[in-house]
Amino acid sequence: MAAIETFYDVIRRQGVTRRSFTKFCSLTAASLGMGPIGAAKVANALETKERTPVIWMHGLECTCCSESFIRSAHPLVKDVVLSMISLDYDDTIMAAAGHQAEAILLETKEKYKGKYILAVEGNPPLNEGGMFCIDGGKPFVEKLKWMAEDAMAIIAWGACASWGCVQAAKPNPTQATPIDKVIHDKPIIKVPGCPPIAEVMTGVVTYITTFGRLPELDRQGRPNMFYSQRIHDKCYRRPHFDAGQFVEQWDDESARKGHCLYKMGCKGPTTYNACSTVRWNGGVSFPIQSGHGCIGCSEEGFWDKGPFYERLTNIHQFGVERNADEIGLAAAGVVGVAVVAHAAATAVKRIVSKNNDHSA
Amino acid sequence: MTQQRISRNGAAEVAPAAAPAVAATGSAGVDTPNGFRLDNSGKRVVVDPVTRIEGHLRVEVNVDSDNVIRNAVSTGTMWRGIEVILKNRDPRDAWAFTERICGVCTGTHALTSVRAVEDALGIAIPENANSIRNLMQLALQVHDHIVHFYHLHALDWVDVVSALSADPKATSALAQSISSWPLSSPGYYKDLQTRLKKFVESGQLGPFKNGYWGSKAYRLPPEANLMAVAHYLEALDFQKEIVKIHTIFGGKNPHPNWLVGGVPCAINIDGTGAVGAINMERLNLVDSIIDQLIEFNDKVYIPDIMAIGSFYKDWLYGGGLSGKSVLAYGDVPEHANDYTDKNLLLPRGAIINGKLDEIHPVDHRDPEEIQEFVTHSWYKYGDETKGLHPWDGVTEPHYELGPNAKGTKTNIIELDEGGKYSWIKAPRWRGHAMEVGPLARWVVGYAQGKPQFKEPVEKVLHDLGLPTSALFSTLGRTAARALESQWAGYQMRHFFDKLIANIKAGDLATANVEKWEPKSWPKETKGVGFTEAPRGALAHWIKIKDGKIDNYQCVVPTTWNGSPRDPAGNIGAFEASLMNTPMVDPAQPLEILRTIHSFDPCLACSTHVMSEDGQEMAKVQVR
């Protein structure tokens with residue numbers, strides 16, 4: 001067999017010592033409840049196993065998720081693609097086209113049955129027999145279901161695959177449909193956002209390849225590690241919100257001083273995402289930092305939740321004496337968003353479960 | 001599903017000749033009004049999906065017994081309906097919806113949209129906002145062109161596997177002979193080759209799997225291939241830096257934030273809270289990125305184009321409409337709010353029938369100029385011999401295959417171009433099919449005799465030893481994009497300096513809020529906004545009624561380039577560009593990819609409006 005560049009090779013090349021590697025294996029084994037002999041098993045697997053094949057398919061979408069993915073700064077996307085996974089099919093960057101491209105799908109299904117990750121960007125339209133999105137002469141939804149059959153797990157990239165996004169906004173003329181409404185028997189990890197943050201995307205992929213399991217998900221199927229807190233909870237403008245210092249109109253004195261954008265329609269208080277912590281494009285900024293309110297792009301149905309600039313502008317100003325949590329709750333209450341309860345079940349359970357309920 | 005499924009649908013599958021689908025086809029074919037002879041009597045070759053593009057595209061061609069393409073059919077195979085979704089929404093939100101038309105040219109639709117709304121409402125933006133918008137738009141041009149060349153197009157010219165047999169020392173010598181780019185030592189190339197070898201030997205080729213490696217259509221020596229692969233990876237690292245300009249001013253990329261009336265980021269360089277606004281640190285970051293991208297263009301992108309081009313300079317196919325009919329709207333206003341020809345740094349004009357000495361003015365408001373046809377598109381008009389101006393656009397979807405198509409409605413084997421065959425409409429300028437994009441812009445600028453376009457073009461042609469006619473080719477399209485990336489970098493330097501000078505003079509304004517509130521708007525109004533997206537001429541037409549969007553139409557670059565035939569039988573730019581190209585092996589459609597990719601197709605953008613049940617959208621009275 002030809003020399004495989006294994007996960008072990010990759011991390012050694014990136015400067016990880018043998019000693020650290022062994023320690024990592026012990027910890028991983030312990031955290032997976034594998035007992036003392038587990039470490040050797042983990043080490044053996046990481047030293048010999050092939051890179052996980054990833055099939056990345058595109059339905060109705062704008063390719064912003066792919067574009068975001070290639071912006072990843074840590075890890076660099078070239079390292080992800082060359083060393084961490086085997087991105088065997090991705091319409092946007094693959095060399096092959098047509099017949100030669102389609103042949104890869106069949107080969108992956110047969111050779112890596114149950115072992116590949118299906119990453120889906122965009123969603124299938126169901127109107128017109130599915131022919132609003134034609135792929136290889138057939139409805140995209142058929143290809144999606146066909147490749148899902150033998151996948152280990154599915155990653156729903158972005159708001160399109162997770163919730164439907166812009167083409168599913170009212171009146172949804174194509175009947176664009178989130179993928180968990182057409183695939184019911186596989187674990188689906190939703191990584192919402194329009195697009196998701198690059199490092200969150202590579203973080204999800206490398207979590208799976210590093211720890212050999214799926215991340216812990218919330219009730220809506222999102223990884224807790226990146227989606228369990230609101231933008232508002234960690235927003236650096238939060239003290240201005242608490243102090244009642246708000247931007248009242250674009251480019252006013254408050255805008256120049258970096259006050260809170262809540263009155264300009266900011267959806268930070270009702271949006272679960274990592275923007276205010278991880279930030280964007282290598283940590284350079286995020287929407288609120290650059291002066292525009294959050295539009296809530298990682299939330300379900302955000303396009304139909306009213307105009308971006310008006311929804312929350314009529315609330316009364318908060319005084320400095322008010323308690324921050326009280327205000328936060330009031331704000332969330334205004335738009336009727338409940339705090340999301342997080343499911344205790346781990347993703348490991350999900351992956352073995354044949355009948356996951358993704359209707360939440 | 002079975003292997004049969006794959007092979008039956010498979011692209012590049014060679015099938016027997018279809019029955020003649022174009023009217024009056026004989027063995028010698030039929031002549032189109034725009035000067036092409038179509039003959040579909042040969043073998044039919046299907047490529048679906050066309051990869052390394054944005055969205056979904058299918059191409060079918062007929063090749064004769066010498067494997068020369070004699071008929072070409074391009075089909076947009078997706079439709080999303082953004083414009084109908086916009087109906088009845090707040091015009092100030094439209095930029096966010098339309099920006100999601102494309103995540104690749106991310107931002108340019110948003111800019112077009114805010115311009116359309118500002119035009120309709122009569123909003124003037126501050127000078128700083130103009131400079132910042134230009135910086136964002138130009139950063140997009142550079143980013144898009146670099147990613148397009150290295151990641152979507154280069155593999156049509158570069159054989160990755162051949163790079164394994166390169167001599168790293170000779171590669172280093174080659175790289176140093178064309179550029180002073182520092183990453184060019186023998187050790188650098190040796191390390192890269194080692195990594196590449198391990199990658200290929202692993203048997204898991206990832207995105208390079210099933211490429212056409214070893215095809216005779218590849219012409220670079222191994223050393224040039226290794227250099228190009230190195231730059232593929234370097235460009236992948238570097239492109240993420242360019243977009244930080246969007247992140248600074250717009251908060252994120254893809255899909256930065258924009259604002260009707262200006263830009264959302266405030267400027268504060270002195271006072272309390274400056275750290276939360278555009279301040280000296282932010283400006284320095286923009287400044288350093290501009291330096292880097294100018295260097296990358298000068299030392300990597302342009303030298304690569306020249307080096308790779310020199311091995312392909314007799315592969316001058318793919319000109320299509322570029323030497324006949326091209327269209328540019330112009331963009332990058334020097335001063336805010338002035339969209340006249342003389343104030344736009346990118347040129348505007350239409351050239352028809354190859355008459356470079358006659359440049360026609362372009363008016364987006366004239367109902368006789370830009371019109372869309374649906375005779376061969378999956379939409380319905382009352383009278384399909386006529387076109388409609390976007391302000392009066394109608395879109396009623398009507399999905400059906402032509403009588404000579406093979407397969408069924410949900411399992412297309414071969415399309416019938418004699419009937420309806422694409423989700424893309426056919427826009428025409430005074431009835432002419434037009435090419436748009438970097439080459440179109442540069443041909444217009446060249447024809448206008450503007451030195452900033454004419455001189456670089458002449459230098460490239462001179463250095464490659466090619467005549468002017470060589471510009472009208474796949475290679476010319478690819479070279480024009482590189483020249484434009486370089487041009488855009490220097491314009492960014494200009495607008496950055498201008499922004500600094502304006503701030504220095506005491507002007508901190510970034511937004512005009514006089515007409516922010518809908519109650520200040522007229523009851524009914526309409527507007528048009530235009531830009532030059534990386535892929536070409538882009539415009540949005542909006543009608544506003546009672547503070548809401550009443551109609552919204554986008555005619556986008558790929559609608560122009562990827563258009564199907566029109567009622568007169570004119571073929572679109574993609575189709576024209578494929579005509580008469582010889583293929584080395586029709587089972588490996590490298591030549592088709594090469595030329596189609598040179599347009600940088602974006603299929604998500606070529607969407608159109610319809611109502612939910614296919615009803616005609618209400619017509620509106622205009623004031």
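B:Trp423 is buried, with a relative accessible area of 0%. That is a good place to begin a walk through this predicted model. B:Trp423 lies in the loop between strand 11 (411-414) and strand 12 (426-429) of chain B. What does its ring pair with? The partner is B:Tyr399: the two ring centres are 6.0 Å apart and the planes meet at 15°, so the pair is stacked. B:Tyr399 sits in another loop of chain B, between strand 9 (370-373) and strand 10 (406-408), and the pair links distant parts of the chain, 24 residues apart. Like its partner, B:Tyr399 is buried, with a relative accessible area of 4%.

Now widen the view around these two rings. B:Tyr399 and B:Trp423 belong to one aromatic cluster, together with A:Phe132, B:Trp79, B:Trp378 and B:Tyr379. Follow A:Phe132 into chain A and you can pick up A:Thr174, which has A:Phe132 and B:Trp79 among its contacts. Is A:Thr174 buried or exposed? With a relative accessible area of 0%, A:Thr174 is buried. Its place is in the loop between helix 8 (158-163) and strand 7 (188-191) of chain A. Leaving aside neighbours within four places in sequence, A:Thr174 also touches A:Leu60, A:Pro125, A:Leu126, A:Asn127 and A:Gln167 from chain A, and B:Arg80 from chain B.

The stretch of chain A that surrounds A:Thr174 in sequence carries a label in the UniProt record. An unreviewed entry there annotates residues 62-207 of chain A as "domain: NADH:ubiquinone oxidoreductase-like 20kDa subunit". Over these residues, the chain is 36% helix and 18% strand. The C-alpha atoms at the two ends of the stretch are 26 Å apart.

Further along chain A, UniProt (again an unreviewed entry) places the feature "binding site" at A:His232, A:Cys235, A:Cys260 and A:Cys266. Why can these positions be said to gather at one spot? They span 35 residues in sequence, yet no two of their C-alpha atoms are more than 11.4 Å apart, so they do come together.

Two of these positions deserve a closer look. A:His232 is in the loop between helix 10 (224-227) and helix 11 (238-242) of chain A. A:His232 is buried, with a relative accessible area of 5%. Not counting residues up to four places away in sequence, A:His232 touches A:Arg238, A:Phe241, A:Gly268 and A:Pro269. A:Cys260 is in the loop between helix 12 (253-256) and helix 13 (275-278) of chain A. A:Cys260 is buried too, with a relative accessible area of 8%. Once neighbours within four places in sequence are set aside, its contacts are A:Arg237, A:His240, A:Phe241, A:Gln245, A:Phe246 and A:Val247. A:Phe241 therefore appears in both contact lists, touching A:His232 as well as A:Cys260.

Aromatic rings come up again in chain A, and the structure holds 41 aromatic pairs over all chains. One of them joins A:Trp250 and A:Tyr309, whose ring centres are 5.8 Å apart and whose planes stand at 85°, so this pair is edge-to-face. A:Trp250 lies in the loop between helix 11 and helix 12 of chain A, while A:Tyr309 lies in the loop between helix 13 and helix 14 (324-334), 59 residues apart. A:Trp250 and A:Tyr309 are both buried.

Let us return to chain B and look at helix 13 (residues 474-504), which has 31 residues. How far does this helix reach from its first C-alpha to its last? It reaches 45 Å, close to the 45 Å expected at 1.5 Å a residue. Helix 13 of chain B is mostly covered, with 24 of its 31 residues buried. At its start, a side-chain oxygen of B:Ser473 comes to within 3.3 Å of the backbone nitrogen of B:Leu475. After the helix comes B:Gly506, whose phi is positive, near 100°.

Our last stop is a set of strands in chain B. Strand 13 (residues 524-533) and strand 14 run antiparallel, joined by 10 bridges, and they form a hairpin with 2 residues between them. Here B:Thr531 stands opposite B:Leu538 in strand 14. Strand 14 also runs antiparallel to strand 15 (residues 548-555), with 7 bridges joining the two. Across this pairing, B:Ala539 faces B:Val555 in strand 15. The hairpin of strands 14 and 15 has 2 residues between the strands, and B:Asp546 takes a positive phi near 50° in it. As for strand 14 itself (residues 536-545), 9 of its 10 residues are buried, so it is largely enclosed by the rest of the structure.

Conventions. Residues are numbered from 1 along each chain as its sequence is written. Chains are lettered from A and ligands numbered from 1 in the order in which they are written. This is a predicted model: local features need pLDDT of at least 70, side-chain atom pairs count only at pLDDT 80 or more; totals for chains, interfaces and linings use all residues. Side-chain values use heavy atoms; hydrogens and water are left out. Helices (H or I, at least four residues) and strands (E, at least two) are DSSP runs, numbered from the N terminus. The expected span of a helix is 1.5 Å times one less than its number of residues. Buried means under 20% relative accessible area, exposed over 50%, partly exposed in between (1.4 Å probe, protein chains only). A polar contact is a pair of N or O atoms within 3.5 Å; within protein, one must be able to donate a hydrogen and the other to accept it, and residues adjacent in sequence count only if both atoms are side-chain atoms. UniProt positions are given in the numbering used here, feature names are shortened, and annotations may be inferred rather than shown by experiment. Two strands pair if DSSP finds at least two bridges between them. Contact means heavy atoms within 4.5 Å. Rings of Phe, Tyr and Trp (its six-membered ring) pair if their centres lie within 6.5 Å; planes under 30 degrees apart count as stacked, over 60 as edge-to-face and the rest as tilted.
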